[in-house]
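User: I'm new to this structure and would like a close look at a single part. Could you pick one helix, walk me around it, and then show me a little of what lies elsewhere?

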Amino acid sequence: PSTDAATQARVMALFLAASVLGFSGPGLHASASRVSASSMTATEVKVSGVARNPHMAKLVSGYLFPEIAKRRNAYLAAHPDAKLISLGIGDTTMPIPAHILSGLTGSAAKLGTKEGYSGYGAEQGVGDLRAKIAKKLYNDLILPEEVFVSDGSKCDIGRLQMMFGSALTSAVQDPSYPVYVDTSVMIGQTRMMDADSKQGQHPGIVYMPCNPANGWFPDLETMPRADVVYFCSPNNPTGAVASREQLTALVKWAKDNGSFLVFDAAYAPFIKTPGVPKSIYEIPGAKEVAIEVNSFSKYAGFTGVRLGWTIVPNELKFADGTPVRNDWNRVMCTVFNGASNIVQGGGLACLDDAGLAEIEALIEYYLGNAKLLAETMKALGFKVHGATDAPYIFVDLEGASSWDMFSKILETAQVITIPGAGFGPGGEGFLRLSAFAPREACVEACERLTKMFKK
């Protein structure tokens with residue numbers, strides 16, 4: 001081809017490529033035959049024509065735990081030789097025990113054989129695992145068909161919000177695990193914050209104050225009605241554990257108000273006090289009002305393995321009489337392909353007698369850490385909550401800024417904690433310590449904190 005034709009061909013190719021990549025400029029809007037090479041040097045990035053989900057803009061800050069990691073990394077960049085100890089995010093640190101591990105490795109090995117290979121499984125989970133959860137963890141209070149195995153309770157909370165939709169009101173403990181609030185915002189249950197909004201609270205969500213004055217349990221007599229109430233016991237972040245009497249009152253409140261409970265029992269195995277419920281279904285009538293989410297993450301060190309479950313009782317129905325279980329099954333079959341068959345093998349091993357004994361040993365180990373941390377902070381003059389029947393220690397800072405204390409401890413003792421403000425406005429003035437650390441790390445952290453606060 002002639003030089004002019006070749007040049008025009010190259011220009012046309014560049015023009016098309018620029019259009020695809022979203023570039024614009026004076027030369028790119030002209031006819032390809034008149035575009036000169038020099039006119040293409042001035043380009044600008046053009047945004048797409050896709051509108052952003054407006055509800056995402058309502059999230060006024062980043063998710064708590066990535067923000068903690070960001071500050072940790074910034075500190076390490078400035079102090080590369082620092083030896084940080086993390087009492088922050090509730091991530092387990094002990095190795096997966098032998099019998100439970102054998103369930104994982106055995107299931108993985110089967111995939112390498114013609115006889116043992118399996119592909120897609122049931123979205124609701126392996127039948128044997130559903131039955132074992134119902135029997136071993138719930139003493140047959142629930143039916144296997146009411147158990148939906150998943151990749152974790154956090155994911156299930158998001159999927160529950162998808163099922164519930166935007167046209168309802170959610171209530172959360174304040175302070176509480178951030179996922180309940182953030183997913184409510186993302187799905188469209190809230191309005192944009194304005195000058196009339198309470199500090200740190202999203203309009204449209206009912207915040208249930210939980211603090212030392214009310215025993216970390218909401219005042220149900222003055223609480224506004226909400227369609228769905230998210231309640232966690234043992235609680236993250238406070239470590240508070242609801243009594244049988246309190247949960248009975250909560251179930252009654254839900255029945256009287258025609259509301260649902262989403263009961264987060266992720267820390268149930270830490271309950272050792274006799275008579276304290278580990279499941280909401282220990283309360284008569286709860287199957288008519290409550291969904292329960294749970295996970296093997298803290299039971300067996302599965303935070304990275306990912307295996308959980310949600311209980312949706314047959315008795316639970318929407319206002320039009322539709323069983324909630326039907327809609328939940330539809331959601332799971334649409335957006336989830338079932339938990340990993342390898343991981344479910346590990347779950348089955350968890351619920352063998354040998355696996356349950358290994359879980360018990362892990363729980364006792366972390367409770368020992370919690371006791372050590374709580375006793376240290378008490379000896380330093382702090383008021384401490386949690387640590388009994390729970391892996392979290394909630395330290396009262398008596399009005400001090402939790403983010404300021406987080407930074408002070410990081411810089412002085414090189415220990416990572418979690419500021420209570422990250423769990424909602426009710427958490428300001430408190431600091432959360434996690435017992436999910438190696439024992440030697442907890443011992444050294446206590447020594448560093450003692451040295452810091454005794455100055």
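Analyst: Happy to help; what follows is a walk around helix H12, then a visit to a sheet and to one histidine. Please keep in mind that this is a predicted model.

Let's start with the length of the helix. H12 covers residues 402–413, and at 1.5 Å a residue its 12 residues should span 16 Å. Its end C-alpha atoms are 16 Å apart, so the expected span and the model agree.

Now look at which residues point inward. Ser402, Met405, Phe406, Ile409, Leu410 and Ala413 are buried. Seen down the axis of H12, these buried residues fall within an arc of 135 degrees, so they line one face of the helix. On the other side, Asp404 and Glu411 are exposed.

What does the buried face rest on? The buried residues of H12 pack against two helices, H2 (64–78) and H13 (439–453). They also pack against strands S13 (415–416), S14 (418–419) and S15 (430–434).

The two ends deserve a glance as well. At the start of H12, a side-chain oxygen of Ser401 comes to within 3.5 Å of the backbone nitrogen of Trp403. After the helix comes Gln414, with a positive phi near 55 degrees.

Next, the sheet. Here 7 strands form an open sheet with mixed pairing, and their order is S4-S10-S9-S8-S7-S5-S6. S4 (147–150) and S6 (206–209) stand at the edges with a single partner strand each, so one side of each has no neighbour in the sheet. On average, neighbouring strands are turned by 20 degrees against each other, direction ignored.

For one pair within the sheet, take S9 (residues 290–295) and S10 (residues 308–311), which run antiparallel and pair over 4 bridges. Val293 stands opposite Thr310 in S10. Helix H4 (residues 127–137) packs on the sheet, where it touches S4 and S10. The direction of H4 makes about 115 degrees with that of S4.

Our last stop is His385, in strand S11 (residues 383–386). His385 has a relative accessibility of 17% and therefore counts as buried, the cut-off being under 20%. Leaving aside neighbours within four places in sequence, its contacts are Pro212, Trp216, Thr238, Tyr392, Ile393, Phe394, Asp396 and Phe430. One of them, Trp216, is 169 residues away along the chain, yet the C-alpha atoms of Trp216 and His385 are separated by 9.7 Å.

Definitions and conventions: Residues numbered from 1 in each chain as written. Predicted model: local features only at pLDDT ≥ 70, side-chain atom pairs only at ≥ 80, totals over all residues. Heavy atoms only, no water. Buried < 20%, exposed > 50% of the residue type's maximum accessible area, 1.4 Å probe, protein only. Contact = heavy atoms within 4.5 Å. Expected span 1.5 Å × (residues − 1). Arc of directions from axis to C-beta. Polar contact = N/O pair within 3.5 Å; in protein donor to acceptor, adjacent residues only side chain to side chain. Pairing = 2+ DSSP bridges. Axes fitted to C-alpha atoms, helices over the stretch in contact; angles between N-to-C directions.
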